[in-house]
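Trainee: I should like to learn how to read the features of a model such as this one. Could we go through the structure together, feature by feature?

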Amino acid sequence: MPAPDPDQVLLGQFGAAHGIRGEIKIHSYTEDPFGIADYGPFALDDGRVVEIETVREQGENLIARVKGINDRNAAETLRNRKLFVDRAALPELDEEDDFYHADLIDLALELGDGSAYGRIVSVQNFGAGDLIEIEPAGGGRTFYLPFTRAIVPTVDIKGGRAVVVPPPETEARPEDGEPEDEA
């Protein structure tokens, strides 16, 4: 789901309720995962506004306490809600090649020779590193590529484009139900 407002940036997402006192798991997309508590208030993707009071670690999970959420039922109403913050609340980026993931959405992707490859429709992290979801230039199903400097060596936010070097294993394959060429 896109940000409720283009001037807002996605910083995290709530998970399942944790315990009976209103705590909830949180997936933080900030450089320092605990730093998410330093931002806010957050606009949720359903229009509510929340404030994170504390974040603590338990095992491999981050657990958050949210202001005004005092029991499990209230915490469950936050489950899977995305947390957005105004871009103005984020620190200025120092380096020219620094950017927020939100800045990558809708960038045109080009191959090294300048030919169109597609566009970035989302940035995901399923636990093994950042992936960009790509809508191919010629249409068709979206697919993912790792967001690494080897695969995306150039990101030009101001120019609205990025250069991609697709790995050989991303070659086109027949869709389900299409016959394969016999060799």
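Mentor: Certainly. Please bear in mind that the model is predicted. We may begin with a single residue, Gln8, which lies in strand E1 (residues 8-18).

Trainee: Is Gln8 buried or exposed?

Mentor: Gln8 has a relative accessibility of 13%, and because the limit for burial is under 20%, it counts as buried. The side chain of Gln8 also has a polar partner, Asp86, at 3.2 Å.

Trainee: How should I read the nonpolar interior, and which residues have the most contacts inside the largest core?

Mentor: The largest nonpolar core comprises 22 residues, and those with the most contacts inside it are Phe14, Ile26, Phe42, Val50, Ile52, Leu78 and Leu83. Two or more residues are contributed by each of E1, strand E2 (23-28), strand E3 (42-44), strand E5 (52-58), strand E6 (61-66) and strand E7 (82-86). E1 supplies the largest share, with 4 residues.

Trainee: Which residues does Phe14 contact beyond its neighbours within four places in sequence?

Mentor: Its contacts include Ile24, Ile26, Leu44, Val50, Val66, Leu78 and Leu83, and also residues such as Lys25, His27 and Asn80. Apart from the largest core lies another, of 14 residues, among them Leu104, Ile120, Ala162 and Val164.

Trainee: What is the general idea behind a sheet, and in which order do the strands of the 7-stranded sheet run?

Mentor: Strands of a sheet pair through backbone hydrogen bonds, in either a parallel or an antiparallel sense. Here, an open sheet of 7 strands follows the order E4-E3-E7-E1-E2-E6-E5, and its pairing is antiparallel. Strand E4 (49-50) and E5 are the edge strands, each pairing on one side only.

Trainee: How many bridges join E5 to E6, and how many does the pair E3 and E7 have?

Mentor: E5 and E6 are antiparallel and are joined by 6 bridges; in this pair, Val55 stands opposite Ala64 of E6. E3 and E7 are likewise paired in the antiparallel sense, over 2 bridges, and Leu44 stands opposite Leu83 in E7.

Trainee: What should I note in the hairpin of E5 and E6?

Mentor: The hairpin has 2 residues between the strands, and Gly59 takes a positive phi near 65°. A positive phi can also be found here in residues other than glycine: Asn80 has a phi near 65°. Asn80 belongs to the loop between helix H1 (72-76) and E7, and its relative accessible area of 46% makes it partly exposed.

Trainee: Where is Asp106 found, and what is its phi?

Mentor: Asp106 sits in the loop between helix H2 (101-104) and E8. Although Asp106 is not a glycine, its phi is positive, at about 75°. Its relative accessibility is 51%, and because exposed means over 50%, Asp106 counts as exposed.

Trainee: What is the order of the strands in the sheet of 6 strands, and why is one side of each edge strand left without a neighbour?

Mentor: This open sheet has the order E11-E10-E9-E8-E13-E12, with mixed pairing. Strand E11 (143-146) and strand E12 (154-156) stand at its edges; each has a single partner strand, so one side of each lacks a neighbour in the sheet. From one strand to the next, the twist averages 35°.

Trainee: How do strands E8 and E13 run, parallel or antiparallel?

Mentor: Strand E8 (residues 108-110) and strand E13 (residues 161-163) run parallel and are joined by 3 bridges. Ala108 has Arg161 as its bridge partner in E13.

Trainee: Which side chains make polar contacts with the side chain of Ser122?

Mentor: Ser122 belongs to strand E9 (residues 116-125) and is buried, at a relative accessible area of 12%. Its side chain makes a polar contact of 3.3 Å with that of Gln124 and another of 2.7 Å with that of Glu133. Leaving out residues up to four places away in sequence, Ser122 touches Ile105, Leu131, Ile132 and Glu133.

Trainee: To conclude, how many helices and strands does the protein have?

Mentor: The protein has 2 helices and 13 strands. Of its 183 residues, 32% are buried. Among contacts with a separation of 6 or more, 49% are between residues 24 or more positions apart. The protein exposes about 11600 Å², with carbon and sulfur atoms supplying 47% of that area.

Conventions. Residues numbered from 1 in each chain as written. Predicted model: local features only at pLDDT ≥ 70, side-chain atom pairs only at ≥ 80, totals over all residues. Heavy atoms only, no water. Buried < 20%, exposed > 50% of the residue type's maximum accessible area, 1.4 Å probe, protein only. Polar contact = N/O pair within 3.5 Å; in protein donor to acceptor, adjacent residues only side chain to side chain. Core = buried A, V, L, I, M, F, W, Y, C linked by side-chain atoms within 4.5 Å. Contact = heavy atoms within 4.5 Å. Pairing = 2+ DSSP bridges. Axes fitted to C-alpha atoms, helices over the stretch in contact; angles between N-to-C directions. Areas by Shrake-Rupley, 256 points an atom, 1.4 Å probe, with all protein chains shown as cover.
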